[in-house]
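User: I am new to this structure and would love a close look at one strand and what surrounds it. Could you walk me through it in a friendly way?

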Amino acid sequence: MRHLGQLLLKKTSLAALLALLMLAMPRAQTPQAQTPRAPARIICLVPAVTETLFAVGAGPQVAAVSSFDNYPPEVEKLQRVGALLDPDVERILSLRPDLVVVYGSQTDLRAQLDRAHIQTFIYSHGGLAEVTATIRAIGDRVGHGPEATRLAGDIHRRIAAVRKRVAGLPRVRTLVVFEREPRSLRGIYASGGIGFVHDMIEAAGGVNVFADVKREAVQATTELILARQPEAIIELRSAAATDDERRLEIATWDRLGALPAVRSHRVHLFADQKMSIAGPRVAEVVEILGRTLHPGAFAR
Amino acid sequence: MTPTPSPLGRRMWRTLPWFAALALLAIAGGPLVGSTRISLVRALDPAIPFADNVDAQIFFVARLPRTLAGALVGSMLACAGVVFQGLLRNPLATPFTLGVSAGAALGAMLAITFGWSFAWLGVPAAPAASFIGSLLAVGVVYALARARHRGISTNVLLLAGVTMNAFFSALILFVQYFADFGQTYRILRWLMGDLDVSSYQPLLTALPLVVLSAVVFAWLARPLNLLSLGPESAGTHGLDVTRAQRAAFISASLATGAAVSVGGPVGFVGIIIPHLVRLMVGSDHRLVLPASALFGAAFLVGCDVVARTVMAPVELPVGVITALIGGPFFLWLLLRKA
């Protein structure tokens with residue numbers, strides 16, 4: 001009897017849930033069913049998407065950006081509304097946006113924007129393929145579909161050209177370092193076998209030494225790095241560095257002087273934000289990486 | 001009751017060699033295992049040039065310094081734990097109770113967040129700043145404990161330490177606000193404690209402090225025994241209480257600062273090891289201190305071996321393992337004893 005009761009209860013609650021869903025669905029669908037007007041006041045919390053908006057000609061529609069945005073130069077004049085971890089909701093609402101670009105993990109912010117009936121575009125981080133997919137999706141959403149398709153096609157073509165140049169060449173075993181303690185080889189975060197940086201290295205004729213670790217970032221210890229014997233080391237950092245700093249940081253690797261990359265002076269440090277933003281400049285970055293890993297192939 | 005020298009001598013001979021053997025076993029065995037498989041014969045073969053000998057590189061550049069760092073940090077934290085527990089007459093005291101780790105964390109945090117990239121005596125910014133931060137914290141705590149008291153008030157010491165910990169933690173959260181994503185990762189990683197020193201330099205830099213603290217610890221064994229009777233009774237036994245307290249406080253703080261600058265704030269070692277050792281050898285500091293130094297070294301090296309192998313091919317920071325192994329092991333021992 002009790003079982004039957006529970007079953008009934010379960011069924012009723014399931015039915016109630018279904019009914020609720022059915023009630024909710026049409027309302028949720030309406031705004032999307034009719035193609036919405038192109039948003040005129042966009043707030044973008046994702047630097048990669050901000051770059052895309054400007055690249056497809058939607059720059060004038062952008063009302064505010066995140067505190068980490070600094071490209072293109074036009075964003076310097078725009079208002080700042082926090083970033084991934086500290087979005088300033090009050091500020092965002094007060095700017096009366098009609099579209100807010102948010103990270104997938106910003107669930108609280110999304111819920112608040114939903115309650116205020118403000119549309120969101122959810123950015124999802126992924127590999128190189130997701131970069132062009134995102135460009136197309138955001139372009140469509142803001143009324144610049146054709147420009148976005150052109151931009152994505154252009155990126156595909158440039159990356160394919162690099163792939164063609166390095167095809168058949170021996171692939172360079174590469175360690176990509178995102179973070180480490182300055183002047184020391186401790187606390188190293190390296191690219192694992194997932195993500196657009198990994199994809200860019202592979203496209204540029206390298207093979208990521210941590211390709212087998214299916215994560216975006218690997219905490220690479222001295223032993224792991226020695227065991228993988230990279231032939232090239234590429235350090236990406238977003239903060240600018242002077243030539244002196246760059247020299248000192250590259251010289252820090254001399255402590256692992258037996259690594260092939262260090263012995264053959266193939267440690268490269270790029271202190272430029274564009275190297276680690278999954279936006280429209282990825283094609284340029286793949287070209288730079290290709291030139292770095294296979295200078296001969298580009299000299300021809 | 002302090003035991004007469006001869007039975008103590010016999011007890012030392014009966015117990016300490018076992019602890020020494022354990023520590024030596026850990027230090028000798030530590031470099032043999034890791035996330036990658038290496039051949040010891042190949043690693044030690046002088047016929048292969050070092051540059052071509054990956055096994056030797058892993059053995060000498062990655063594992064040996066890491067194992068030695070584990071031994072050094074483990075023994076320093078264990079001894080500092082013993083001394084702080086004796087000084088404060090509080091079994092819950094740890095090397096980090098008096099604000100050392102929070103001060104160190106704040107220093108490291110500032111260095112990481114604001115991208116300081118100096119090197120001080122060959123020590124990079126984050127460990128150097130963490131050492132300075134730890135000294136700053138204990139300096140403030142010490143000054144507070146001295147103020148308006150004839151000697152050192154251990155109550156004020158304890159309360160000031162706990163308050164400094166809280167205050168520094170608040171500052172840490174404030175500084176954290178300025179850190180970007182990658183820096184946040186690095187800070188978190190630093191706070192976990194990690195022994196991957198990748199060279200012998202940090203160990204050599206810490207060595208003078210370690211030797212100095214060890215000498216003071218050796219002298220402190222008897223004063224700590226007397227202090228355990230309470231400061232008044234210790235005074236009637238002819239101990240210069242303030243001098244002993246000051247020596248205990250300063251040496252344990254320096255040892256902790258040195259350990260943290262090498263390995264970050266590795267948790268649990270400083271509280272578990274002293275208690276484990278007391279459960280095994282009794283409460284005479286003349287036995288507890290050397291046994292803790294040896295057992296602390298063996299314990300941390302052992303934990304690091306687990307950290308390096310359990311998730312192979314990737315390696316974990318050692319602090320994760322000390323907490324995971326140390327906590328339940330300690331509880332088990334406590335229940336068994338009860």
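Analyst: Here is a walk along one strand of chain A, followed by the places around it and a look at the partner chain.

A word on the model comes before the details. This is a predicted model, and it scores ipTM 0.82 and pTM 0.83. Chain A contains twelve helices and eleven strands. Of its 300 residues, 45% are buried. Among the contacts in chain A with a separation of 6 or more, 57% are between residues 24 or more positions apart.

Now to the strand itself, β6(A), which covers residues 172-179. Is β6(A) mostly covered or mostly open? Seven of its eight residues are buried, so the answer is mostly covered.

Which strands does β6(A) pair with? One is β8(A), residues 206-208, which runs parallel to β6(A) and is joined to it by three bridges. Within this pairing, Val172(A) sits opposite Gly206(A). Another is β10(A), residues 232-237, also parallel to β6(A), with four bridges between them. There, Val177(A) has Glu235(A) as its bridge partner. The pairing with β7(A), residues 188-191, is antiparallel and rests on two bridges. In that case Glu179(A) faces Tyr189(A). As background, strands of a sheet pair through backbone hydrogen bonds, either parallel or antiparallel.

β6(A) also has a part in the meeting of the two chains. In total, 26 residues of chain A are in contact with 28 residues of chain B. On the chain A side, β6(A), β9(A) (217-220) and α8(A) (222-228) each supply at least two residues. The largest share, five residues, comes from α8(A). Sorted by class, this side of chain A has twelve nonpolar, six polar and eight charged residues.

Elsewhere in chain A there is an open sheet of five strands, paired in parallel, in the order β3-β2-β1-β4-β5. Its edges are β3(A) (79-80) and β5(A) (120-123), each of which pairs on one side only. Two bridges link β3(A) with β2(A), residues 62-65, and Val65(A) stands opposite Arg80(A). The loop between β2 and β3 of chain A holds Pro72(A). The peptide bond joining Tyr71(A) to Pro72(A) is cis, with omega about -5°.

Another backbone detail of chain A is at His265(A), which has a positive phi near 55° although the residue is not glycine. For comparison, most residues other than glycine have a negative phi, and most peptide bonds are trans. His265(A) lies in the loop between α10 (260-263) and β11 (267-271) of chain A. Is His265(A) buried or exposed? His265(A) has 10 C-beta neighbours inside 10 Å, and therefore counts as exposed, since the cut-off for exposed is 12 or fewer.

Across in chain B, Phe268(B) also has a positive phi, near 75°, in a residue other than glycine. Phe268(B) is in the loop between α10 and α11 (269-281) of chain B. Phe268(B) counts as buried because 24 C-beta neighbours lie inside 10 Å, and the cut-off for buried is 20 or more.

The helix before that loop, α10(B), spans residues 241-263. At 1.5 Å a residue, its 23 residues should span 33 Å, and the end C-alpha atoms are 32 Å apart, which agrees. Of those 23 residues, 17 are buried. Right after α10(B) comes Gly264(B), with a positive phi near 75°.

Another glycine of chain B, Gly133(B), has its place in α5(B), residues 125-146. Gly133(B) is buried, because 27 other C-beta atoms lie within 10 Å. Its C-alpha atom is 8.7 Å from that of Gly257(B), although the two are 124 residues apart along the chain. Beyond residues up to four places away in sequence, Gly133(B) touches Gly103(B), Ala104(B), Leu106(B) and Gly107(B).

The largest nonpolar core has 97 residues, and those with the most contacts inside it include Val73(B) and Phe295(B). Outside its neighbours within four places in sequence, Val73(B) has contacts that include Leu195(B), Ala259(B) and Leu300(B). A second, separate core of 91 residues includes Ile225(A) and Leu226(A).

As for confidence, chain B averages a pLDDT of 87, with 95% of the residues scoring at least 70. In chain B, confidence is lowest in β1(B), at a mean of 67, and highest in α12(B), at 94.

Conventions:
Residues numbered from 1 in each chain as written. Chains lettered and ligands numbered in written order. Predicted model: local features only at pLDDT ≥ 70, side-chain atom pairs only at ≥ 80, totals over all residues. Expected span 1.5 Å × (residues − 1). Contact = placed C-beta atoms within 7 Å. Nonpolar A, V, L, I, M, F, W, Y, C, P; charged D, E, K, R; others polar. pLDDT = per-residue confidence, 0-100. Pairing = 2+ DSSP bridges. Core = buried A, V, L, I, M, F, W, Y, C linked by C-beta atoms within 7 Å.
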